[in-house]
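User: I am new to this structure and would like a close look at a single part. Please take one sheet and describe what lies around it.

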Amino acid sequence: MQIYQTTRCRNSGQVLIIAALIITMLLLSTALYVAETEKEVPAYDSGADADFSAVKLGIMHTMLSALANISNGGETGILVADLNQFQSVVEGHSYNAIIEMQFAPLNATPYQNGVWIDWSNEGRGVSGAYVNVYLNSTGISATCRSEYAVNLTSELKVSGVCTVLTGLLKQVNLTCSLFNEGKPALAQNFTVLYEQDGSLSTEEWIQVMATSHTDYGNGTYTMSFTAETSNPDDPMLVSVYCHDLRGILIRANATCVQG
């Protein structure tokens with residue numbers, strides 16, 4: 001009877017040891033799984049935030065410079081060329097982490113290779129650029145990713161009223177509204193022209209040398225001038241060129257309403 005009890009106690013002890021080993025193995029497996037999973041999940045890193053902020057600011061200024069160049073007569077390909085150069089600088093001068101940058105200029109109407117220049121609409125002109133950006137930062141303790149779009153749009157709206165004075169002279173009053181990314185913006189300068197005979201079959205644009213204008217400080221400007229046309233009944237066609245404070249050029253054409 002004593003022997004039976006000893007054997008039963010020994011068997012019970014072995015069962016406990018085996019159960020403990022199984023539980024330990026399960027805990028270790030769970031811990032290893034969690035550790036491996038956490039390696040694949042981007043972790044927060046305040047240093048990466050600062051790096052990304054600097055890169056994002058650099059991308060925006062690169063695009064602004066390219067758009068100013070393009071709108072003032074440069075080639076549209078300068079946008080991609082400048083971004084490629086900036087990408088080389090970013091990836092070649094990363095210290096706290098390895099930063100990878102990719103970008104994709106938008107190719108969907110009205111953008112072509114990330115650029116939108118439309119000065120043909122009546123009363124409205126647009127100069128814009130749109131690029132999708134992908135950033136990846138790999139550091140010692142964290143991996144961070146960021147995907148976003150940069151949309152830069154300078155827009156000018158022009159409307160006008162003209163009144164016949166005497167003979168061939170007309171009084172022209174224009175209202176111009178300037179926007180950056182849909183918000184009122186300030187202008188650097190304006191250049192105003194009008195078409196001499198009111199017909200675009202043979203364009204004879206005359207630059208207005210003297211205008212009286214009012215800046216309302218909210219992106220709205222009014223301008224007045226006198227113009228001499230070939231015939232009193234000719235429509236008054238005007239073309240307004242505007243540089244915003246970012247150096248981007250926008251042009252808007254409009255037909256003035258007879259007052």
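Analyst: What follows starts with one sheet, goes on to the residues on its strands, and ends with the other core.

The model is predicted. The sheet is open and built from four strands, in the order E8-E7-E11-E12, with antiparallel pairing. Its edges are strand E8, residues 205-207, and strand E12, residues 249-255. Each of these two has a single partner strand, so one side of each is left without a neighbour in the sheet. On average, neighbouring strands here are turned by 25° against each other, direction ignored.

Take the pairing of E7 and E8. Strand E7 covers residues 187-195, and three bridges join E7 to E8 in the antiparallel sense. In this pairing, Glu-195 is opposite Trp-205 of E8. Trp-205 also has a charged residue over its face: Arg-251 lies there, at 6.0 Å from the ring centre.

Strand E7 also carries Tyr-194. The structure holds four aromatic pairs. In one pair, the ring centres of Tyr-194 and Phe-225 are 6.3 Å apart and the planes stand at 25°; planes under 30 degrees apart count as stacked, so this pair is stacked. Phe-225 belongs to strand E10, residues 220-228, and is 31 residues away from Tyr-194, so the pair links distant parts of the chain. Both rings belong to buried residues, where buried means under 20% relative accessible area: Tyr-194 has 7%, and Phe-225 has 3%.

The largest nonpolar core lies elsewhere. This core has 26 residues, and Ile-59, Met-63 and Leu-79 have the most contacts inside it. Two or more residues come from each of helix H2 (46-71), helix H3 (78-92), strand E1 (98-105), strand E3 (124-138) and strand E4 (143-164). Helix H2 gives the most, with nine residues. As for Leu-79, the residues it touches include Met-63, Ala-66, Ile-70, Val-115 and Val-131, leaving aside residues up to four places away in sequence.

Apart from that core lies another, of 24 residues, and this brings the account back to the sheet: Tyr-194 is among its members, as are Val-192, Val-208 and Val-240. Tyr-194 thus appears in this core and in the stacked pair with Phe-225.

Two further ring features remain. Tyr-111, Trp-116 and Tyr-130 form one aromatic cluster. The charged end of Lys-56 sits over the ring of Tyr-148, 4.8 Å from the ring's centre.

Conventions: Residues numbered from 1 in each chain as written. Predicted model: local features only at pLDDT ≥ 70, side-chain atom pairs only at ≥ 80, totals over all residues. Heavy atoms only, no water. Pairing = 2+ DSSP bridges. Axes fitted to C-alpha atoms, helices over the stretch in contact; angles between N-to-C directions. Core = buried A, V, L, I, M, F, W, Y, C linked by side-chain atoms within 4.5 Å. Buried < 20%, exposed > 50% of the residue type's maximum accessible area, 1.4 Å probe, protein only. Contact = heavy atoms within 4.5 Å. Phe/Tyr/Trp six-rings, centres within 6.5 Å; stacked < 30°, edge-to-face > 60°. Lys NZ or Arg CZ within 6 Å of the ring centre and 35° of its normal.
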